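Reader: I would like a close look at one ligand site. Please take me from there to its surroundings.

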There are 2 protein chains.
Amino acid sequence: MLRLTKKADYGLMALKYLAEHAGEPSLSAKDIAEAYHIPPQLLAKILQKLTREGLLRSHAGMNGGYSLSRDAKEISAFEVIRAIDGPLFITSCTTGTSTCDLTASCTIKEPLARVNESIVELLRNTRISDLLDHSGREEAPPELVTIASVS
Amino acid sequence: MLRLTKKADYGLMALKYLAEHAGEPSLSAKDIAEAYHIPPQLLAKILQKLTREGLLRSHAGMNGGYSLSRDAKEISAFEVIRAIDGPLFITSCTTGTSTCDLTASCTIKEPLARVNESIVELLRNTRISDLLDHSGREEAPPELVTIASVS
DNA sequence: TGAACTCAGACTAATTTAGTCCTATACTCA
DNA sequence: TGAGTATAGGACTAAATTAGTCTGAGTTCA
Ligand code: SF4
Ligand code: SF4
């Protein structure tokens, strides 16, 4: 529970990838899917959704593909998640389909809404550019990590 | 997605209820379930789990039931959620069962772990006593740690 | 034209969550 | 002591959500 869907996960990966390759003209869904071993058709749908929501620009036809519609600094994780999975509620009250029928007697709805808002705020403050790897301490020892680049 | 399970939800309600009725000796699962119209057997299991995790004290037999094992101020929403649903990960990497097989190539795992940690921190700072209804009160907003500020 | 794309929706499969059932055990009080 | 009320716990089914597939379009461009 309290888990991101894989679709949102894939979407974030794709956007990060596009941000890293901002120079190149256009990357196809297939390109990105292969880079990360994501099911290509699934990623295609995700990118389509992101395009519809205005986060990406698409280009059909040969050598077509996707590119960010804004700078990576201007796209928040929250937008991505919402575009893919719809509005974010940690409670089941307002899922759209099948509202929790305890809403009348429920007393924690409102306090949890505040927690919800905090999480949204947190995701809003997390931008695609923040996902970019400038602290690669995972695999091979990074060459020359300066103090400046860490802070 | 990013939704609390109803079980966790019910658990929080129950704990809040117990906190409100701290004076009374012992409230049975049935009592609480009826107060909120929660399926009694389901709530029973939840309370059992919370007892096993040490958040509640149980008392079998007539006029038995449950009571908080600590003050409401000392129990965080995070503990409740973890007790009921297990460890909290927003990504699917480490669910225990069926790890995401992209872990090798995935590049957003680590940044998302930081987001995860922020959410955990937020929930850790939300206590049962915070759910109690002091409407209008301006509580100290839980600290927001953004990725950017984590540098 | 046709290869390489995006776009869209319906569909199925897999997984997770919600809720039930049934039995055993513990405690209390008359 | 034994009837009644409660917790404890496992196995099970049902419902909902998520993941992924398939099919058939419409675009672009060389
Ligand atoms: S109404 Fe109360 S119980 Fe129902 S989903 Fe909202 S918070 Fe959870
Ligand atoms: S490995 Fe990457 S893709 Fe797989 S779950 Fe973790 S974050 Fe999401």
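Between which chains does ligand 2 lie?

Author: Ligand 2 lies between chains A and B. This is a predicted model, in which local features need pLDDT of at least 70, side-chain atom pairs count only at pLDDT 80 or more, and totals for chains, interfaces and linings use all residues. Residues are numbered from 1 along each chain as its sequence is written, chains are lettered from A and ligands numbered from 1 in the order in which they are written, and side-chain values use heavy atoms, with hydrogens and water left out.

Start with the shell, taking residues with a heavy atom within 4 Å. Chain A brings A:Asp9 and A:Met13. Chain B brings B:Thr91, B:Ser92, B:Cys93, B:Cys100, B:Thr103, B:Cys106 and B:Lys109. By class, four are nonpolar, three polar and two charged. Here Ala, Val, Leu, Ile, Met, Phe, Trp, Tyr, Cys and Pro count as nonpolar, Asp, Glu, Lys and Arg as charged, and the others, Gly among them, as polar.

Now the two chains. A rotation of 180° with 0.0 Å of shift along its axis places chain A on chain B, with an RMSD of 0.1 Å (least squares on C-alpha atoms of residues with pLDDT of at least 70 in both). The copies are thus related as by a two-fold rotation axis. In chain A, the C-alpha of A:Leu2 is nearest the axis, at 2.0 Å. Of the interface residues of chain A, 87% are also interface residues in chain B, so the copies meet through the same surface.

Helix H5 of chain A reaches across to chain B. Its buried residues (under 20% relative accessible area, 1.4 Å probe, protein chains only) include A:Pro111, A:Val115, A:Ile119 and A:Leu123. They pack against H4 (77-85) of chain A, and against H1 (6-20), H5 (109-124) and H6 (128-131) of chain B (contact: heavy atoms within 4.5 Å). Helices are DSSP runs of H or I with at least four residues, strands runs of E with at least two, numbered from the N terminus.

Both chains also meet DNA strand C. It is surrounded by 28 residues, with A:Ala29, A:Lys45, A:Ser58, B:Lys6 and B:His59 the closest. Sugar and phosphate make up 60% of the strand's atoms that come within 4 Å of the protein. H3 of chain A gives the most to this surface, four residues. A polar side-chain atom of A:Lys45 sits 2.3 Å from a base nitrogen of strand C. A polar backbone atom of A:Ala29 lies 2.9 Å from a phosphate oxygen of strand C.

Technical notes
Buried < 20%, exposed > 50% of the residue type's maximum accessible area, 1.4 Å probe, protein only. Polar contact = N/O pair within 3.5 Å; in protein donor to acceptor, adjacent residues only side chain to side chain.
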